[in-house]
Amino acid sequence: MSHNESDFDLNEIYHILRRWAKNANHEIGTYSQLAQDYLDIRSEHIDPHTELNKVLGIINRSLAIIGAPPISALVVNNKSGVPGNGFWGCSTNVPAKPPTKNKQFEIWTLLVQEVIAYSWPKDLP
């Protein structure tokens, strides 16, 4: 069954990512891990390949309004180890996709550092 991104609890997904960011190990997880964490908490399936990118873009856009970095930088593709193509340019706090893999990695690394250092609000704005 396909869902609309508004069907999901955005605040719960934000809380999961906030925990990852605040974790002493500064956890980076895959789209599948995020979907599983959400399933474990809400008993609701979110497809990591088709639905999660849209949801993460909405969360990043909400955070951009308050000047926060893109918390979804903590979510990476299982094979590449970096965020998927849908990450780049998804909101004003995420630049357009850089032209080379090296530049993508460099910018993503800086974004992750910003996410880890940021003082995250309790709930999604």
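**Close-ups: aromatic pairs and a cavity**

Five aromatic pairs turn up in this predicted model, with rings of Phe, Tyr and Trp (its six-membered ring) pairing if their centres lie within 6.5 Å. Local features need pLDDT of at least 70 and side-chain atom pairs pLDDT 80 or more, while totals for chains, interfaces and linings use all residues. Numbering runs from 1 along each chain as its sequence is written, and side-chain values use heavy atoms, leaving out hydrogens and water.

**View A. Tyr14 meets Trp120 edge-to-face.** The ring centres sit 6.3 Å apart, with 70 degrees between the planes; over 60 counts as edge-to-face, under 30 as stacked and the rest as tilted. Tyr14 belongs to helix α1 (residues 10-22) and Trp120 to the segment after α4 (101-117), so the pair ties together distant parts of the chain, 106 residues apart. Helices here are DSSP runs of H or I, at least four residues, numbered from the N terminus.

**View B. Tyr14 and Trp120 share a cluster with Tyr118.** These residues make up one aromatic cluster. Tyr14 and Trp120 are both buried, i.e. under 20% relative accessible area with a 1.4 Å probe, protein chains only.

**View C. One cavity of 30 Å³ or more makes the count.** A cavity is a set of points on a 1 Å grid over the protein atoms alone where a 1.4 Å probe fits but cannot get out. The largest holds about 40 Å³, the volume being the space filled by probe spheres set on the points.

**View D. The lining of the largest cavity includes Tyr31, Asn53, Phe87 and Cys90.** Lining residues have an atom within 4 Å of a point. Helix α3 (residues 52-65) gives the largest share, four residues.

Methods
1 Å grid on protein atoms, 1.4 Å probe; cavity = no way out; pocket = protein on both sides within 12 Å on 5 of 7 lines; lining within 4 Å. Helix = DSSP H or I, 4+ residues; strand = E, 2+ residues; numbered from the N terminus. Buried < 20%, exposed > 50% of the residue type's maximum accessible area, 1.4 Å probe, protein only.
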